[in-house]
Amino acid sequence: QVQLVESGGGLVQAGGSLRLSCEASGRTFSDYVMGWFRQAPGKEREFVAAINWSASTRVYADSVQGRFTISRDNDKNTVFLQINSLKPEDTAVYYCAADHRPDRTSYIYRGMVKYDYWGQGTQVTVSS
């Protein structure tokens, strides 16, 4: 069992930045591909970014490429999402998720079903 707790959300103006954090507990953090997803009001949850255990592989949704950066600190059991140049359409609840990979393969899945554990989410609201 892995527990994930997100933090760092808030209300920001368009063009601003936020850094989201997700701290994991309960299992070996390095055994997980970590991902970020988001869900806007009235929309389905969508993939944002993910990172493999060594940070050698990072994948982003087209809509956030170049503005969002995912990173991780395995010593602190934490994955981060740096969000720059925020747009009103980035408004959503952002969720952290973990995909168990004890063999440490690097392939990144974008589908929600591949992720075994989820956090409760942190709200990001961007005003225009």
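In which loop does A55 lie? The legends below take up this residue after the whole chain, which is shown as a predicted model.

**Figure 1. Strand content and overall dimensions of the protein chain.** The predicted model contains eleven strands and zero helices. With a radius of gyration of 14 Å, close to the 14 Å that the globule rule gives for 128 residues, the protein chain is as compact as a globular protein of that length. Along the principal axes, its C-alpha atoms fill a box of roughly 45 × 25 × 25 Å.

**Figure 2. Burial, contacts and surface of the protein chain.** Among the 128 residues, 45% count as buried. Of the contacts with a separation of 6 or more, 61% join residues 24 or more positions apart. The exposed area of the protein chain is about 6400 Å², and carbon and sulfur atoms supply 45% of this area. Side chains comprise 14 positive and 13 negative ones, with the centres of the two sets 2 Å apart.

**Figure 3. Close-up of A55 in the loop between β5 and β6.** A55 is situated after β5 (46-51) and before β6 (58-60), in the loop between these strands. Its phi is positive, at about 70 degrees, although A55 is not a glycine. Most residues other than glycine have a negative phi. A55 is partly exposed, with a relative accessible area of 22%.

**Figure 4. Close-up of S85 in the loop between β8 and β9.** The loop between β8 (78-83) and β9 (92-100) holds S85. Although S85 is not a glycine, its phi is positive, at about 50 degrees. The relative accessible area of S85 is 41%, so this residue counts as partly exposed.

Methods
Residues numbered from 1 in each chain as written. Predicted model: local features only at pLDDT ≥ 70, side-chain atom pairs only at ≥ 80, totals over all residues. Heavy atoms only, no water. Helix = DSSP H or I, 4+ residues; strand = E, 2+ residues; numbered from the N terminus. Rg over C-alpha atoms; globule rule 2.2 N^0.38 Å. Buried < 20%, exposed > 50% of the residue type's maximum accessible area, 1.4 Å probe, protein only. Contact = heavy atoms within 4.5 Å. Areas by Shrake-Rupley, 256 points an atom, 1.4 Å probe, with all protein chains shown as cover. Lys, Arg positive; Asp, Glu negative; His and termini not counted. Charge placed at Lys NZ, Arg CZ, Asp CG, Glu CD.
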